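Work through the exercises below with the model open beside you. Try each task before reading its solution.

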Amino acid sequence: MKTSVTRYCSHKCNSKAYKERIRTKKIKKSNTQTLITKTQDIEHTKAKEFLNVNEVCLLIGISKRTVYRLFENSQLNKYKVGSRTIIKRSEIDKLFTTS
């Protein structure tokens, strides 16, 4: 006896729909976790006194090349510690207040 409340025409269609629902849930969960991680990284970066080039890129939203261009034009001061390049947070703030 067939019922009138069946959602899918066959077991195969039901399985495909189930897999699609599970896949969608996983993607949504992954996107949520990625968003949380990104916001935590930015908040952590905002609290630091000294930043590296990658953190400056993340904080301001510019490319590495632009950061190095700012160094070349003396618009942003950098400090070398061994082979590492660091930038004071106050230098970034000055960059936006003088413009």
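The exercises that follow concern a predicted model.

**Exercise 1. Aromatic pair**

Task: Find how many aromatic pairs the structure holds, and say which geometry applies.

Solution:
- Start with the count: the structure holds 1 aromatic pair.
- Its partners are Tyr68 and Phe71, with 5.7 Å from centre to centre.
- Now take the planes. They stand at 80° to each other. Planes over 60 degrees apart count as edge-to-face, so this pair is edge-to-face.
- Place the pair in the fold. Both residues belong to helix H3, residues 64-72. They are 3 residues apart, about one turn of the helix.
- Finish with exposure. Tyr68 has a relative accessible area of 35% and is partly exposed. Phe71 has 9% and is buried.

**Exercise 2. Cysteines**

Task: Count the disulfides, then explain the result for Cys13.

Solution:
- Recall the bond: a disulfide covalently joins the sulfur atoms of two cysteines.
- The count here is 0 disulfides.
- Check Cys13. Its closest cysteine sulfur is in Cys9, 3.2 Å away. The cut-off is 2.5 Å, so the two sulfurs are too far apart for a bond.
- Compare exposure with the cut-off in hand: buried means under 20%. Cys13 is partly exposed at 30%. Cys57, at 11%, is buried.

**Exercise 3. Two helices**

Task: Describe how helix H2 and H3 pack, and which residues make the contact.

Solution:
- Read the angle first. H2, residues 53-60, packs against H3 at about 105°. The axes are 9 Å apart.
- Classify that angle. The range 65 to 115 degrees counts as roughly perpendicular, so H2 and H3 are roughly perpendicular to each other.
- List the contact. H2 supplies Val53, Asn54, Val56 and Cys57. H3 supplies Lys64, Val67, Tyr68 and Phe71.
- Sort these residues: 6 are nonpolar, 1 is polar and 1 is charged.
- Link back to the earlier exercises. The aromatic partners Tyr68 and Phe71 are part of this contact. Cys57, buried at 11%, takes part in the contact too.

**Exercise 4. Ser74 and Glu91**

Task: Locate Ser74 and Glu91, and decide for each whether the residue is buried or exposed.

Solution:
- Ser74 sits in the loop between H3 and strand E2 (79-81).
- Look at its backbone. Phi is near 60°, a positive value in a residue other than glycine.
- Exposed means over 50%. Ser74 has a relative accessible area of 59%, so this residue is exposed.
- Turn to Glu91, in helix H4, residues 89-98. At 10% relative accessibility, Glu91 is buried.
- What touches Glu91? Setting aside neighbours within four places in sequence, its contacts are Leu76, Asn77 and Tyr79.

Terms used: Residues numbered from 1 in each chain as written. Predicted model: local features only at pLDDT ≥ 70, side-chain atom pairs only at ≥ 80, totals over all residues. Heavy atoms only, no water. Phe/Tyr/Trp six-rings, centres within 6.5 Å; stacked < 30°, edge-to-face > 60°. Helix = DSSP H or I, 4+ residues; strand = E, 2+ residues; numbered from the N terminus. Buried < 20%, exposed > 50% of the residue type's maximum accessible area, 1.4 Å probe, protein only. Axes fitted to C-alpha atoms, helices over the stretch in contact; angles between N-to-C directions. Parallel < 35°, antiparallel > 145°, perpendicular 65-115°, else oblique. Contact = heavy atoms within 4.5 Å. Nonpolar A, V, L, I, M, F, W, Y, C, P; charged D, E, K, R; others polar.
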